[in-house]
Amino acid sequence: MADHYDHDCFHQPASYRGSGLRRQTSDRLLQIAKPSPRDMTKRVHPNAAALESPKAALSIAVPPPEEAAPELMTVWRKSLLFNCNGFTVFDAKGNLVFRVDKYPKSNNRGEIVLMGAAGNPLFTIRRKKLTLAEHWQIFDREDTANPRFSMRRHMNFLQAKCLAHLTPSPCGGDAGGSYDVEGSYSQRCCVVCDERRQPMAEIKRKESVGGVAFGLDVFRLVVQPGFDAAIAMAIVILLEEMFGSKSSII
């Protein structure tokens, strides 16, 4: 994806104002760490109009086979809201598609909500208590009764390249198979494989622009046709919790 630039990328989106978020949250000034917000935004987010357009809502429908192509997304390990941790995700056209906004002092410890561009909840992710290995459950929207997927950290040291396993929950109504995550999240080089070892999604380092490297907080997420982009992003969130920095989003 070619990177383009715009000087007004972090005007507050209309979708923020129209979402169910509290007014005091939506009225906060957006503030980004060094480099300056204007410079960093120009590198990460190539389309200012996307944040102001109500048409920037999530769409993960798979196109017809003759038109099917991988979804290319840019993931920024940064919330657009002041004093929040999380993620901001743009598609290949620069439209906002996913958000994670988590206040560090929130009472919902161990719970993360993946939202669409308009703030609508897509998945609620919760850490399962009283388990030896890291074990997380993924619920549809805000339903926390019947998990759709379960993800565990891989604990077999003989298979060091395997990071985690994603399996459908028996009570989640998902007929799909299981998936393995392999590679190195710390280097932003991972692949999600199905049971036939076919790559379904990949995490890659984002190319430098003008000789300036993005580092580990900005990277690519490539999702193959037929695989749910929201599930791919949920996997990214859990990899951050399992293998990310000490300042994880919960």
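Is aspartate 101 buried or exposed? In this predicted model, where local features need pLDDT of at least 70, side-chain atom pairs count only at pLDDT 80 or more, and totals for chains, interfaces and linings use all residues, aspartate 101 is buried, with a relative accessible area of 17%. Buried here means under 20% relative accessible area, exposed over 50%, and partly exposed in between (1.4 Å probe, protein chains only). Residues are numbered from 1 along each chain as its sequence is written, and side-chain values use heavy atoms, with hydrogens and water left out.

Aspartate 101 sits in strand 3, which covers residues 96-102; strands are DSSP runs of E with at least two residues, helices runs of H or I with at least four, both numbered from the N terminus. The side chain of aspartate 101 has two partners to look for. One polar contact, of 2.7 Å, links it to the side chain of serine 79, and another, of 2.9 Å, to the side chain of arginine 99. A polar contact is a pair of N or O atoms within 3.5 Å; within protein, one must be able to donate a hydrogen and the other to accept it, and residues adjacent in sequence count only if both atoms are side-chain atoms. Leaving aside residues up to four places away in sequence, aspartate 101 also touches Leu80, Leu81 and Met115, among others, a contact being heavy atoms within 4.5 Å.

Stepping back to the whole protein chain, five helices and twelve strands are found. Of its 250 residues, 45% count as buried.
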